Protein chains: 2
Amino acid sequence: MVTFDDTDIKLLKFLQEDSKQTNKALSLKLGLSVTAVFERIKKLEREGVIDGYVAKVNKLRLERNFMVFCHIKLVQHSQDFVVRFEKEVKQLNEVLECYHISGDYDYLLKVIVKDMEAFREFMVKKLTKINHIGSTHSMFVINEVKHETAINL
Amino acid sequence: MVTFDDTDIKLLKFLQEDSKQTNKALSLKLGLSVTAVFERIKKLEREGVIDGYVAKVNKLRLERNFMVFCHIKLVQHSQDFVVRFEKEVKQLNEVLECYHISGDYDYLLKVIVKDMEAFREFMVKKLTKINHIGSTHSMFVINEVKHETAINL
DNA sequence: AGTGAAATTAACTTCGG
DNA sequence: CCGAAGTTAATTTCACT
């Protein structure tokens with residue numbers, strides 16, 4: 001098991017907020033040399049703690065501002081059905097997230113589309129075309145109160 | 001209204017996947033010069049379409065692998081209560097996402113903590129300490145089937 | 001482990017056309 | 001939008017604490 005010291009945690013916090021800042025800037029915030037920062041980042045990348053670097057885009061500006069959470073129940077829970085459902089749902093690009101959850105429903109999906117019309121299309125032509133879906137229940141997002149990409153470290 | 005051409009959309013797709021690739025690499029993928037890529041990125045940043053650049057971290061490696069979705073109902077829905085609830089929930093670092101949703105419950109929260117014990121602490125000491133919460137319903141994530149950070153463009 | 005400095009490479013940024 | 005030139009930062013190495 002690899003361990004992380006406080007400096008690693010701080011470094012990850014900074015990089016989760018802004019990955020474009022220079023190693024110089026990070027070295028000042030951390031009280032380390034540029035070389036040390038460089039080595040630590042490389043180590044975190046090598047160990048897979050840092051999983052990559054991505055641009056965040058503004059959903060509103062891109063007309064992908066209609067978010068819906070869909071609960072899904074399967075008709076059966078045999079290994080076979082579960083595997084097939086998960087495989088098919090992964091291929092739907094409107095589905096950004098899919099979780100197998102405890103409770104009344106089996107799955108919770110986060111779906112992002114342009115508008116209600118696009119959502120209807122998605123439901124009718126894609127989601128409900130997947131076999132073995134028992135029932136669905138959609139919850140529309142009225143307002144995004146909070147959306148953090150950074151894990152709380 | 002600002003518009004985006006196909007090249008902008010492609011560029012955003014690439015940057016949502018990997019923001020550390022060089023403008024040179026992007027220029028090859030897009031069939032443009034490095035300068036053109038540079039100018040387009042700057043334009044997208046200026047216009048707020050690109051919202052920032054962040055490092056993705058591996059939840060598993062960092063012991064933040066316990067995810068719970070919490071439904072919350074308020075006892076009242078006066079402007080005052082809603083505003084106060086939203087303000088307080090924003091300050092909880094275990095809550096990565098919070099949505100005001102349609103349906104039986106008022107809010108859906110995505111909570112990430114270390115383990116069940118940490119979740120219990122969170123519920124008892126933080127979440128249910130917020131006033132005006134009527135009822136809650138927690139759904140534990142058994143398995144993360146899909147988790148895309150990139151918006152489907 | 002970390003530091004500072006120096007050398008190298010590569011990327012970013014500006015500018016004239 | 002392009003290519004070239006100038007600027008800056010990332011990256012690597014090394015001698016030393």
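Reader: Which backbone comes 3.3 Å from a phosphate oxygen of DNA strand C?

Author: Happy to start there, keeping in mind that this is a predicted model. The atom in question is a backbone N or O, and its partner is a phosphate oxygen of DNA strand C, 3.3 Å away. The residue is B:Asn23.

Reader: How far is a phosphate oxygen of DNA strand C from the side chain of A:Arg40?

Author: Chain A reaches the phosphates through side chains. A:Ser33 places a polar side-chain atom 2.7 Å from a phosphate oxygen of DNA strand C. For A:Arg40, the distance from a side-chain N or O atom to a phosphate oxygen is 2.2 Å.

Reader: Which helices each supply at least two residues of the surface near DNA strand C?

Author: Good one to look up in the structure. The residues around the strand include A:Thr35, A:Ala36 and A:Arg40 from one chain, and B:Thr35, B:Phe38 and B:Lys42 from the other. By class, this surface has three nonpolar, six polar and two charged residues. The helices are α3 (34–46) of chain A and α3 (34–46) of chain B.

Reader: What percentage of the DNA strand C atoms within 4 Å of the protein belongs to sugar and phosphate?

Author: Other residues surrounding DNA strand C include A:Gly31, A:Leu32 and B:Thr22. Among the strand's atoms that come within 4 Å of the protein, the share from sugar and phosphate is 77%.

Reader: Which residues lie closest to the centre of the largest pocket?

Author: That pocket holds about 890 Å³ of space. Its lining divides into 15 nonpolar, eight polar and 15 charged residues. Of the 38 lining residues, the closest to the centre are A:His147, A:Thr149, B:His147, B:Glu148 and B:Thr149.

Technical notes: Residues numbered from 1 in each chain as written. Chains lettered and ligands numbered in written order. Predicted model: local features only at pLDDT ≥ 70, side-chain atom pairs only at ≥ 80, totals over all residues. Heavy atoms only, no water. Near = heavy atom within 4 Å. Polar contact = N/O pair within 3.5 Å; in protein donor to acceptor, adjacent residues only side chain to side chain. Helix = DSSP H or I, 4+ residues; strand = E, 2+ residues; numbered from the N terminus. Nonpolar A, V, L, I, M, F, W, Y, C, P; charged D, E, K, R; others polar. 1 Å grid on protein atoms, 1.4 Å probe; cavity = no way out; pocket = protein on both sides within 12 Å on 5 of 7 lines; lining within 4 Å. Points joined across faces, edges and corners; volume = space filled by probe spheres on them.
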